[in-house]
Amino acid sequence: MKFLAKKLVVPQLVDLEPYQSARRIGGQGQFYLNANESPFTPYAMPSDESWQRYPDFLPQELAKHYADYLSAYLRPELKLSSSKVIAVRGADEGIDLLIRTFCQSRIDGIRIQTPTYSMYEFIANAHQVAVEAIPLSTNFTLAMEENLKPQQNLKLIFICNPNNPTGNLLSAADILRIAEQHKDTALVVVDEAYSEFCPDESLVSEIASHPNLVILRTMSKAFGLAAIRIGFIVADESILEYVSTLIAPYPIPDPSAKIAIEALSAGGLQFMNKQRDTSLALKKKYMEIVAALPMVENVYPSYANFFLVHFQDSAKVFGWLRQHGIILRDQNRVTALKNHLRISIGSEQEMDVMINCLKEFS
Ligand SMILES: Cc1ncc(COP(=O)(O)O)c(C=O)c1O
């Protein structure tokens with residue numbers, strides 16, 4: 001199994017020596033004159049921080065805090081080692097890195113489950129990597145027959161769980177069956193961007209027994225830290241070794257790493273859990289209100305911080321709300337989601353404004 005990553009990686013990475021940045025080379029000294037940094041404190045910045053220094057190559061302390069955070073949900077024997085975690089600039093960079101690490105342009109392909117988060121397809125298209133789109137079945141469940149079929153040169157199978165934009169949870173048993181089926185041929189990438197809203201459903205615990213499973217996480221959603229661009233790839237070391245060959249020399253800005261570490265402290269986690277609970281309570285309340293509105297056909301179950309709504313005429317509703325300064329996410333372009341809009345859970349005040357506007361819709 002350890003050899004799977006080596007078998008899948010694009011040939012040009014197999015023996016490529018990573019760029020030897022000053023931080024990657026390391027070395028303990030008193031005077032660091034090895035990275036062409038400035039010796040001066042920059043304009044308008046406090047002098048007690050090393051602003052002029054490049055950050056760590058892959059911040060180990062952040063990886064450790066994140067591994068500990070995830071381990072709190074696992075049985076003690078499954079405790080996650082920080083060597084299975086790398087920080088990236090948002091889950092989006094994780095998607096890009098995985099595709100560039102494992103898919104050769106014009107030769108390899110990825111598989112996605114549609115409708116889903118559009119970045120998998122966008123990044124694959126940008127790198128001339130083929131995309132096999134398997135439509136989700138009834139109630140947005142995984143189409144198992146199609147997903148169990150082998151496909152030549154298929155390297156990555158993306159599964160967003162909970163899925164964006166549908167909001168539903170996919171079956172863990174189905175995902176693991178797909179991983180098992182492709183254990184010698186492809187990686188199964190589970191994007192858990194919204195996992196904090198249903199923490200017991202994460203598949204992080206399965207990495208130990210399914211080494212071709214890769215989990216993407218982010219601090220942009222429940223942690224409320226979209227601005228600092230911190231996400232994580234959680235996977236077997238053999239996979240991360242190649243990903244970190246390709247990663248930029250100093251990927252994580254120091255201020256972002258510090259803010260993320262603070263958010264992962266005991267106080268930070270308590271704070272996040274409280275805000276998460278508030279969002280979940282608001283979601284429940286507003287889903288019920290929206291479901292009772294006359295122009296609504298259906299409100300779908302949601303395990304995330306948004307919900308999907310089928311309107312009689314979504315373009316009209318979207319335009320009406322936009323006229324009043326309220327912007328929803330239009331799904332009309334997605335064939336399976338004609339007349340659907342996705343609503344993020346904002347503050348209670350924002351949600352009330354939206355509901356009042358919807359009640360005045362004519
Ligand atoms: C499913 C999914 N994955 C990844 C991302 C991007 O996350 P990040 O902000 O960490 O790049 C999003 C953002 O909307 C998302 O919905």
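Good morning. I begin with one pair of residues: Ile110 stands opposite Val131, which lies in strand S3. The structure on display is a predicted model, and I shall use this pair as the way into it.

The strands around this pair come next. Strand S2 covers residues 109–114, and strand S3 covers residues 130–135. S2 and S3 pair in the parallel sense, over six bridges. Helix H6, residues 119–126, joins with S2 and S3 in a right-handed β-α-β unit.

S2 also has strand S4, residues 154–160, as a parallel partner, and three bridges join S2 to S4. Here Gly109 stands opposite Leu154 of S4.

Is S2 enclosed by the rest of the structure, or open? A residue counts as buried if 20 or more other C-beta atoms lie within 10 Å of its own. Five of the six residues of S2 are buried, so the strand is largely enclosed by the rest of the structure.

I turn now to the ligand. Among the residues around it are Gly90, Asp92, Tyr117, Cys160 and Asp191. Helix H5, residues 90–102, gives the largest share of this shell, three residues. By type, the shell divides into five nonpolar, five polar and two charged residues.

Finally, the domains. The protein chain is divided into domain 1, residues 4–264, and domain 2, residues 269–359. Their centres, taken over C-alpha atoms, are separated by 29 Å. The contact between them takes 22 residues from domain 1 and 20 residues from domain 2. On the side of domain 1 that touches domain 2, 13 residues are nonpolar, six are polar and three are charged.

Thank you for your attention.

Conventions:
Residues are numbered from 1 along each chain as its sequence is written. This is a predicted model: local features need pLDDT of at least 70, side-chain atom pairs count only at pLDDT 80 or more; totals for chains, interfaces and linings use all residues. A residue is buried if 20 or more other C-beta atoms lie within 10 Å of its own, exposed if 12 or fewer, and partly exposed in between; C-beta atoms are placed from the backbone. Helices (H or I, at least four residues) and strands (E, at least two) are DSSP runs, numbered from the N terminus. Two strands pair if DSSP finds at least two bridges between them. A crossover is right-handed if, with the strands pointing away from the viewer, the path from the first strand over the helix to the second runs clockwise. A residue is near a molecule or strand if its C-beta atom, placed from the backbone, lies within 6 Å of it. Ala, Val, Leu, Ile, Met, Phe, Trp, Tyr, Cys and Pro count as nonpolar, Asp, Glu, Lys and Arg as charged, and the others, Gly among them, as polar. Domain bounds come from an automatic or database domain assignment. Two residues are in contact if their C-beta atoms, placed from the backbone, lie within 7 Å.
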